[in-house]
Amino acid sequence: MSATHYTTMVETIEELKKNGFTSNFEFLDQTFQDVDSGRTFTADELTIVKHYRFEGASDPDDMSVVYAIESSDGLKGVIADAFGLYANPDLGGFLETVKIREGK
């Protein structure tokens, strides 16, 4: 994927889907779960491939981040979180332990 700048979260997620990041991950009990298959992944089975941060045009407190995640067996998906004050601290702590492979 190229280093493209997206203006909206929806635009980013749609482009990631076009690039194969089609799974929807949710964070449950210190694991990521693929919503469709129910498969779960621990932090050591995941890699952050890209991340995109957004700030609301009218409200600086309206911030979010989208992560493109790949599992060790090749499943690709996305997860989004608020950024800053409204961020999920448990998700943030989990993501700090996930490998990062950005910049390729």
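**Note on a predicted model: sheet, helix and loop**

1. β4 and β7 are joined by two bridges and run parallel. The pairing places Ile48 opposite Ile100 in β7. The model discussed here is a predicted one, and the points below work outward from this pair of strands to the rest of the fold.

2. The protein contains two helices and seven strands. Along the sequence they follow the pattern α-β-β-β-β-β-β-α-β. A reader tracing the chain therefore meets a helix, then six strands in a row, then a second helix and a last strand, as the pattern α-β-β-β-β-β-β-α-β sets out.

3. The seven strands make an open sheet with mixed pairing, in the order β3-β2-β1-β6-β5-β4-β7. Its edge strands are β3, residues 40-41, and β7, residues 99-100, and each of these pairs on one side only. As general background, strands of a sheet pair through backbone hydrogen bonds, and they do so either parallel or antiparallel.

4. On its other side in the sheet order, β4 has β5 as its neighbour. These two strands pair in the antiparallel sense, over nine bridges. One of the facing pairs is Arg53 with Val65, the latter in β5. β4 is also mostly covered, since seven of its 10 residues are buried, that is, under 20% relative accessible area.

5. β5 (residues 63-71) and β6 (residues 76-82) run antiparallel and are joined by seven bridges. Two facing pairs can be picked out: Ser64 stands opposite Ala82 in β6, and Glu70 stands opposite Lys76 in β6. The hairpin formed by β5 and β6 has four residues between the strands, and among them Gly74 takes a positive phi near 95°.

6. Which strands does helix α1 touch where it packs on the sheet? Helix α1, residues 9-18, is in contact with β4 (46-55), β5 and β6. The direction of the helix makes about 10° with that of β5.

7. β6 also pairs with β1 (residues 23-28), in the parallel sense and over two bridges. Asn24 has Val78 in β6 as its bridge partner. Thus β6 takes part in an antiparallel pairing with β5 and a parallel one with β1.

8. Ser23 belongs to strand β1. Is Ser23 buried or exposed? Its relative accessible area is 6%, so Ser23 counts as buried. Leaving out residues up to four places away in sequence, Ser23 touches Asp34, Leu75, Lys76, Gly77 and Val78. Of these, Lys76 is the residue that stands opposite Glu70, and Val78 is the bridge partner of Asn24.

9. The loop between β1 and β2 (31-34) includes Asp29, and Gln30 is found there as well. Most residues other than glycine have a negative phi. Asp29, however, has a positive phi near 50°, and Gln30 has a positive phi near 60°. A reviewer may wish to look at this loop with that in mind.

10. How do the two loop residues stand with respect to solvent cover? Asp29 is exposed, because its relative accessible area is 77%. Gln30 has a relative accessible area of 45%, so it is classed as partly exposed. Apart from neighbours within four places in sequence, Gln30 is in contact with Asp90 and Phe94. The C-alpha atoms of Gln30 and Ala43 are separated by 8.3 Å, with the two residues 13 residues apart along the chain.

11. Some totals for the protein complete the note. Of its 104 residues, 38% count as buried. The exposed surface comes to about 6200 Å², of which carbon and sulfur atoms supply 49%. Among contacts with a separation of 6 or more, 55% are between residues 24 or more positions apart.

Technical notes. Residues are numbered from 1 along each chain as its sequence is written. This is a predicted model: local features need pLDDT of at least 70, side-chain atom pairs count only at pLDDT 80 or more; totals for chains, interfaces and linings use all residues. Side-chain values use heavy atoms; hydrogens and water are left out. Two strands pair if DSSP finds at least two bridges between them. Contact means heavy atoms within 4.5 Å. Axes are lines fitted to C-alpha atoms, for helices over the stretch in contact, and angles run from 0 to 180 degrees between N-to-C directions. Buried means under 20% relative accessible area, exposed over 50%, partly exposed in between (1.4 Å probe, protein chains only). Accessible areas come from the Shrake-Rupley method with a 1.4 Å probe; for residues, only the protein chains shown count as cover.
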